[in-house]
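Let's take a walk through this structure together, one piece at a time. Keep the picture open and follow along as we go.

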Amino acid sequence: MIDTLKRKGGCSSCGGVDDDSRLLGGSVILTKLEAINNWGRKYSFFQYPFVTACCGMEFMSVCGPKYDLDRFGAALPRFSPRQADLLMVVGTISHKQAPILVKVYNQMAEPKWVFAFGVCAVSGGFYDNYATVQGIDTLIPVDIYVPGCPPRPEMVIDGLIKLQQKVMESRWSDYPKGASPVSNDK
Amino acid sequence: MSDSAKDLHSEYMVINMGPSHPVTHGTVKFLLTLEGETIIDMKVDIGFLHRGFEKMCENGTWEQVMPYTDRLNYVSPLINNVGYALAVEKLVGIDVPERCKYIRVIASELSRISDHYTNIAAGAMEVGGFTAFLYFVEARELVWDLIEMLCGARVTSNYVRIGGVKSDLPDGFKDKTRDVFKKCRKLWADVNKLLTKNRIFIDRVRNVGIMPPDEAIAWGFTGPCLRACGIPYDVRKFHPYLVYDQMDFEVPVGEKGDNFDRYLVRMEEINQSMRIVEQALEKIPSGPINVNMPEYRWQSKEDISTRIESLIFHFKTVTEGIKPPPGEIYSAVEGANGELGFYLVSDGSGKPYKCRVRPPCFPLTAAMPKMVKGGFIADIVPTFDMINMIGGECDR
Amino acid sequence: MEANITINKLKARFAESIVDAHSYRGDDTAIVKKEELLDIFIFLRDDKELLYNFMMDLTVVDYLGKEPRFEVVYHLYSLAYNRRVRIKTRVSESECSVDSIVSIWPSANWFEREAFDLYGIVFKGHPNLSRILLYDSFQGHPLRKDYPIKKRQPQIGPNNN
Amino acid sequence: MGIPIGKLKPKKVRKNIDLTLWERLYIFEIIRGMTVTTKHFMANLVGFVLHAKGKKRNIITVYYPEEKVELPPAYRGRPVLVMRENGKERCVACGLCEKICPASAISIIAEENENGDRYPASYLLDMSRCVFCGFCEEVCPKEAIVMSSEYEGLAKRDRNDLLCTKEMLLRTENSVKGRIEYIRRIYAKCNY
Amino acid sequence: MAANLIESIVKILFIFSVNIGFFSPILGWVERKQSALMQDRVGANRADVCGFTLIGLFHPIADAIKVLTKEDFIPEGADRLFHTIAPFISLTPAIITFAVIPFGGQYELFGHHVNLIIADLDVGILFVFAFASLASFGSVLAGWSSNNNWSFLGGLRASAQMLSYEVVMGLNIIGVIMVYGTLRLSQIGAMQADFFNWGIFLQPVGFVLFFTCAIAENKRAPFDVAEAESELVAGYFTEYSGMKFVMFWMGEFLEIVTIGALVTTMFFGAWHLPFVSDQMLLNYFRFAGPNGAASLAIVVNIITFFSKVIFFIWLQMTIRWTLPRFRYDQVMRLGWKMFLPIALINIFITGVVILAK
Amino acid sequence: MVSLNAYLILGAILFSIGAVGVFTRRNVLIIYMCIELMLNAVNLTFIAFSRFLNNMNGHVFVFMIMTVAAAEAAVGLAIIISVFRNKETIYVDDINLSKG
Amino acid sequence: MQLLMFYIFGLGAVLSATLMVTNIKPVTAAMNLIMTMFFLAGIYVLLDAHLIAALQIIVYAGAIMVLFLFVILLLNVHEKEGETARRKVVIQFGSIAIVGSLFIIIAHLAVIYPSAVKVITDTAYEFGTTKAVGKMLFTDFLLPFEIASFLLLAAIVGAVILAKRRIDDSE
């Protein structure tokens, strides 16, 4: 088992780069370039829908005509992790599924983001038992948590907008995020 | 070309399909042995969504099981709610009021419609017809508006209570239903035009995944998949529960038991379910929606605030749960995928001693290898979809 | 309540194997000895007046503390007569096995694997009795009453499965 | 076949489904399908052009952050605590919601104030576990916790931010008035 | 000589800018937007620059920026060289093919003979075929070099499918060649000045078959079995990431344009407006002087040509978003057992009609 | 201006490379490819002669050679497939038909 | 200009042909052969044989080599261990050395001793066009043409029969 808290400190530290490194890379041109780059990334999420459970139904709705994730440029589901930028973990991750999730995460090309969709992915939800992983952040670094069981499509879009803000704030030095922490276990 | 691939005595290619593969909805793994494109052998590995449903139920009170049933077949949660409530009522031995029965019928049928929409939509998407997929998602969205109006949530409804339902039909439900069904029928017609007579689609699904009737019975098929074989087994007709015996609807059956029949049966069932909802909305009587047995339900807020014994009893039922008499029962309803059975064992305490679900898609998934063996990789796609394996229900 | 035709026929045919029979809330139930299970099922399936062609459900109930500890529960359904019956057989913890009925109903295959997976009941003669819902490295059988609900197993990495 | 099948009139769905030569030729059915999609395309295109001129939009899509769907009164959003006029919570820390919550998302530490009334010294709601089932609202004897219609602002970058304290949950009675009225209507009496 | 050189450079630049600069980014947008409208959605519309969204036109730019900075990945055990060059192989034919497609007539401009085609080859159609056939190497090599079972299956499917449909496509073209008696695409175009001489009237069956085969050759739905998402994850480019992956898409998009251009040239009157020949155009624009008339005519030609191309792009997109996908063996059966005989019969009938005249 | 000799020499070199391949390689597929290469070398000489003699007969010969090559490829690959099916090898050393 | 092109194409052809012969992987060999075909097509263009050049690419690169690739992928045979690395290197270096020296020597000779054949520079306008080749095929060479078509037919039938599964084979 891996210490949850320790990992969490590691994964959500995108804003935590110390000031020195910011100063070093902080020339005007670089910042501009960074901003343009982030702008591009933010409007072009190719998602990998790791759909496992109930939230998948809501995920269909989010992609569907009424809420239309495509408006945010995030409508092209790529089922090959190599081509995806955003790993949407939609639904419960059981212990049996966990290795696959980690594998998919490790296969994704940088830069990559993870979206925990629904309480089961966030924390295991009300499945607090022998079979369910208590939150995917025990397995892989997560960028945005969207609770709800399943979340309303609006909540998902809200989360996506927050993720876009996060991407806007990110620096080149935040990447690569590297392999998932459990990848070398055992 | 594929013929020449078939001849080679080259090594069989062993491929892992899933669980993170688009066709498998992330919840199942196929271990395929291929010779060229032909499937020589197939092993199905499920359990990727095993969430310990039974264990969770055994650790909650009888009421607390209700949200867990939502997430069994998460495409038609209301049917699961109804099935569980009926099972507990059978165990306790109570009969719900007439209006409640009608509401439950309406809720189940709306759920069934949305399930079939999802199923056909996903099927269309997986054989490449993305537009048909979105039309049915749109239609489902409209049905979900109704469900949300009824029970306050889009997917996980948690609407039915033991001995009744949570709330009455909202105002204007009937008119809204009429509007929604009008739009849904239009979209249904569009999808029908896009798929039903389209030869590309027919070629993909016809004569694929055939299951002869006797074998289907032996494998434990129920629901649309069994009806596609020509056997009109429908729990709603054979063991009428609620008010299904007063409803006028037909059971669509297929002939061959292939994917095309499954598709047609589902398409027709959408229409029949709409008919049922419309009839139920016409016929619904007024009256109470809950059974008048305070010991089996939470007390009303008025009682709690006015009567102290009610308050004490409320605390008792909430913390300990209702206490059905010891015994065991099996009760089945017609789920969207087939017979959804609940086998409950009570030891007289407030928690279920055993709460077993008979998942309809579990035997269907078990028969997958039989249906696709000898076919092509591409045949897995429609077959698996038309089986409509729902992870939450199959793995629980 | 009076036992109906199924129970009567069973009693007539397998008098000494029927431990008990009742009909609680209209559900016909027969508790049989596990030795003659296969014969009983073949009889139930093939008898002209019964024709239980559906094996609807198979599960196990764990009566922790009682002896024998487990009850294997079969639900059968006859399409021809629209009739259901529940057959139960008792299995002790020490000798935790019953005969597999896969040869009678292929649908029992996965149900038996599931029962094995979650309760540890061994089905003799099953073609492939392995874990189905859980993974191979899982220790114990979670639906037994003595398995704590929150007892977690070590998380497995990507190369471990 | 036995008893009720005679009563049933199963509807054969496969009749008339065998293809005519016309349909076998692919192209005509393809054109039929394309007319359907083209009809949608044209309708939406025209709809957009008209919309640009200020007409009502006919497309189903909701432009979410700018535009919101109308929620039914039954909608169960995030659970919140109701405030009294004096700014204190209504909750008396009876612990029923804590008990009934299937996800064990609520944890209450009760204390008594100087008047001898119980109140929650700490009321923690773990939004990362809440499944929006509404049981807490249903069992609450005081109408102190209600499912508001809030669904925004729940996405967080850190899982710990999802742990809501009492202060984060308190809402004035006015802001959840509609919901309180609704639950009075549906839960006030068992049978009505 | 210098004038020729300038003319060539201008033409090459024009085609390049139209293809790479206009069509390849905009088609991504068109595909998303059109599919959205067909499916009652709105589609990408939120990428903004200084608050302007321009109905989502910035999204392709965002995609391009993102893709450029995406990690380039070569899987373990892959053949590095072929893995790298495969996307280029599948991208280049689509661009090169445009060299022999005429987008206008021949005019005298400032005393210089202007032929609106980059390379007026005698073997124009064969040239198109020669390079179109190379595109299959891209997908085959991509599938083979990725060291992944799904890619491999995709590569196998792609090679078999493209090989088969090339045969049928070639046979379809023969009908057109027989009717017009030349392989030179500019001549084929010029002969369609008369409205009733358009290929669609002379070779209706040929048009349907050619169009279908071209879509199949381009591996787009309903013939996208080589990259079928629900079967083979992403087919032969499963293991590609970043720029190289997008190059496959660009290749596909450019080929859509090429198909549109070819169909226009061979069946839909090339650069001609119905009932209006080049000479009549020049007569209409007489007021602008000979040079002005010629340049106006050139503009009209180009606009006509590209609007027809755009129509066919729209048609292909509609087909792509309407139809489900074939099964692999059905694709092959359709090619060999249905299209091939029909194409042969078509040739036969064409021959008979030509002889009878 | 390139002389005829140059083309002939190029053809000769390609032919000899092909021949070297046929003699040294053991993979049937590569041997087939070498044969194709040799045919191509011959084609080159035909075209060159035809150009320098201003006689187009050479082109027709090349046309025929291509036909033969295509036919040969089809039949040859079919043979390889059927041999592979029976012997599970594509190496000439292992294919000894007389041993059966 | 033409000389330069000839050297580029010629050297490219020789180089890729050498690589084809020496390469251990069939797929790489096939790709190198395709390169050779391309360079040869370029040389054909230099020789005014446009049709033949196009056909070269269509028939060889587009059809025959795709077929080769398809079979290579289909058989998917892993390279045998028997061909050791040492031998591979020897073959590579040996053939490259021999061929390279041959090329240089003979090219040198060719420059010293000009060709005996008289060069005809002013070709007819129609030389190498489709029309010309077609006319010849259907007049002077009609019989061989028909025979070629029969040959193709025979090859198709033969290939189908050879590669077809024997139905009695299976059980």
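Which residue of β8(B) is the bridge partner of B:Gly327? The answer is B:Ser346. Before going further, bear in mind that what you're looking at is a predicted model.

That pair of residues takes us straight into a small sheet in chain B. Here 3 strands make up an open sheet, lined up as β7-β8-β9, with antiparallel pairing. On the rims you'll find β7 (327-334) and β9 (354-358) of chain B, each of which pairs on one side only. Going from one strand to the next, the twist averages 15°.

Now zoom in on how these strands hook up. β7(B) and strand β8 (residues 339-346) of chain B run antiparallel and are joined by 8 bridges. They also form a hairpin, with 4 residues between the two strands. Have a look at B:Gly338 in that turn: its phi is positive, at about 145°. On its other side, β8(B) is linked to β9(B) by 5 bridges, and those two strands run antiparallel as well.

A handy residue to follow across the sheet is B:Tyr343. Facing it from one neighbour is B:Tyr330, which stands opposite B:Tyr343 in β8(B). Then, over in β9(B), B:Arg356 is the residue that B:Tyr343 stands opposite.

So is β8(B) buried or exposed? It's largely enclosed by the rest of the structure, because 8 of its 8 residues are buried. You can see this on both faces of the strand: B:Glu339, B:Gly341, B:Tyr343 and B:Val345 are buried on one side, and B:Leu340, B:Phe342, B:Leu344 and B:Ser346 are buried on the other. A helix lies here too: helix α4 (residues 77-92) of chain B lies across β7, β8 and β9 of chain B, at about 145° to β7(B).

Just ahead of that helix sits B:Asn73, in the loop between α3 (65-70) and α4 of chain B. Despite being in a loop, B:Asn73 is buried, with a relative accessible area of 1%. Leaving aside residues up to four places away in sequence, B:Asn73 touches B:Asn80, B:Asp115, B:Ala336, B:Asn337, B:Ile390 and B:Glu393.

Let's hop over to chain C, where another sheet is waiting. This one is an open sheet of 5 strands in the order β1-β2-β5-β4-β3, and its pairing is mixed. The edges are taken by β1 (18-24) and β3 (54-62) of chain C; each has a single partner strand, so one side of each has no neighbour in the sheet. The twist here averages 20° from one strand to the next.

Inside this sheet, strand β4 (residues 70-78) of chain C and strand β5 (residues 83-91) of chain C pair up in the antiparallel sense, over 9 bridges. One such match is C:Tyr77, whose bridge partner in β5(C) is C:Arg84. Helices pack here as well. Helix α1 (residues 5-13) of chain C lies across β1, β2 (27-32) and β5 of chain C, running at about 170° to β1(C). Helix α3 (residues 108-119) of chain C also packs on the sheet, where it touches β3 and β4 of chain C, and its direction makes about 10° with that of β3(C).

What about links between cysteines? How many disulfides does a search of the whole structure find over all chains? The count is 0. Take B:Cys225: its sulfur is 7.8 Å from the closest cysteine sulfur, in B:Cys229, which is too far for a bond. B:Cys225 is also buried, with a relative accessible area of 0%. Over in chain D, D:Cys136 is in no disulfide either, and the nearest cysteine sulfur, that of D:Cys133, is 6.1 Å away. D:Cys136 is buried too, at a relative accessible area of 9%.

Since we've landed in chain D, let's finish there. Chain D is divided into domain 1 (21-69) and domain 2 (79-187). The C-alpha centres of these two domains of chain D lie 44 Å apart. As for confidence, chain D averages a pLDDT of 78, and 86% of its residues score at least 70. Among the elements of chain D, helix α1 (residues 21-24) has the lowest mean pLDDT, at 70, while strand β2 (residues 79-82) has the highest, at 86.

Notes: Residues numbered from 1 in each chain as written. Chains lettered and ligands numbered in written order. Predicted model: local features only at pLDDT ≥ 70, side-chain atom pairs only at ≥ 80, totals over all residues. Heavy atoms only, no water. pLDDT = per-residue confidence, 0-100. Domains from an automatic or database assignment. Pairing = 2+ DSSP bridges. Axes fitted to C-alpha atoms, helices over the stretch in contact; angles between N-to-C directions. Contact = heavy atoms within 4.5 Å. Disulfide = S-S within 2.5 Å. Buried < 20%, exposed > 50% of the residue type's maximum accessible area, 1.4 Å probe, protein only.
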